[in-house]
Amino acid sequence: MHRATLMNGTVAVVKVQRSGIVPELRHDVAIALRVTNLMSLTSPQARTLGIKAVAEDYAADLVRQLDFRLEALNLSAMRAFSCAARGPATCVSPSCSSLCPAIACW
């Protein structure tokens, strides 16, 4: 995340996704899931803690975070809810504009 100022003076937050990160992250997640699966097979404590389910949830969340379109939808929904609750005249929630598939501006 980076602070930026748009040409019209609006302060923005820019999140940039490094090219090629998706396959790298998926590979790393697959390794981590194999390790936690092995741990749950060999360790009663790991099974008790539910480490496999925790790792699966965390892995799914990491992969979801790579989809900036989903983040933009969530932010838009949060803005709509906030503006509806406060009224459009007092809405101060950030807006979201997709600049390109790999960059979202909040």
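Let's start with a single residue of this predicted model: D67, which has a relative accessibility of 26% and so counts as partly exposed. The side chain of D67 meets that of R69 in a salt bridge, with N and O 3.2 Å apart. R69 itself, at 60% relative accessibility, counts as exposed.

With that pair in view, step back to the whole chain. The protein chain is built from 4 helices and 4 strands. Following the sequence, you meet them in the pattern β-β-α-α-α-α-β-β. Of its 106 residues, 23% count as buried. If you take the contacts in the chain with a separation of 6 or more, 45% of them involve residues 24 or more positions apart.

Now turn to two of the helices. Two packed helices are described by the angle between their axes and by the distance between those axes. Helix α1 covers residues 21-42, and it packs with α3 at an angle of about 170 degrees, the axes lying 9 Å apart. An angle over 145 degrees counts as roughly antiparallel, and α1 and α3 are therefore roughly antiparallel to each other. On the α1 side, the residues that meet α3 are L25, R26, V29, L33, T36, N37, M39 and S40. Their partners in α3 are I51, K52, A55, E56, A59, L62 and V63. Sorted by class, this contact has 9 nonpolar, 3 polar and 3 charged residues.

One of the residues in that contact, K52, is a good place to look more closely. K52 lies in helix α3, which spans residues 51-65. Is K52 buried, exposed or partly exposed? Its relative accessible area is 37%, so K52 is partly exposed. Setting aside neighbours within four places in sequence, K52 is in contact with N37 and S40. With N37 there is a polar contact between the two side chains, at 3.2 Å. You can also compare K52 with A32: the two are 20 residues apart in sequence, and their C-alpha atoms are 9.9 Å apart in space.

The other partner of K52, S40, belongs to helix α1. Since buried means under 20% relative accessible area, S40 counts as buried at 10% relative accessibility. Leaving out residues up to four places away in sequence, S40 touches A46, R47, I51 and K52.

Finally, let's return to salt bridges. How many salt bridges does the count come to? The count comes to 3, and the one between D67 and R69 has already been introduced. Another links E24 with R18, whose closest N and O atoms are 2.9 Å apart. Here E24 has a relative accessible area of 43% and is therefore partly exposed, while R18, at 48% relative accessibility, counts as partly exposed too.

There is also a salt bridge between R64 and D61, with the closest N and O atoms 3.6 Å apart. Both residues, R64 and D61, sit in helix α3, 3 residues apart, which is about one turn of the helix. R64 counts as partly exposed because its relative accessibility is 44%, and D61 is partly exposed with a relative accessible area of 31%.

Technical notes. Residues numbered from 1 in each chain as written. Predicted model: local features only at pLDDT ≥ 70, side-chain atom pairs only at ≥ 80, totals over all residues. Heavy atoms only, no water. Helix = DSSP H or I, 4+ residues; strand = E, 2+ residues; numbered from the N terminus. Buried < 20%, exposed > 50% of the residue type's maximum accessible area, 1.4 Å probe, protein only. Contact = heavy atoms within 4.5 Å. Polar contact = N/O pair within 3.5 Å; in protein donor to acceptor, adjacent residues only side chain to side chain. Axes fitted to C-alpha atoms, helices over the stretch in contact; angles between N-to-C directions. Parallel < 35°, antiparallel > 145°, perpendicular 65-115°, else oblique. Nonpolar A, V, L, I, M, F, W, Y, C, P; charged D, E, K, R; others polar. Salt bridge = Lys/Arg side-chain N within 4 Å of Asp/Glu carboxyl O.
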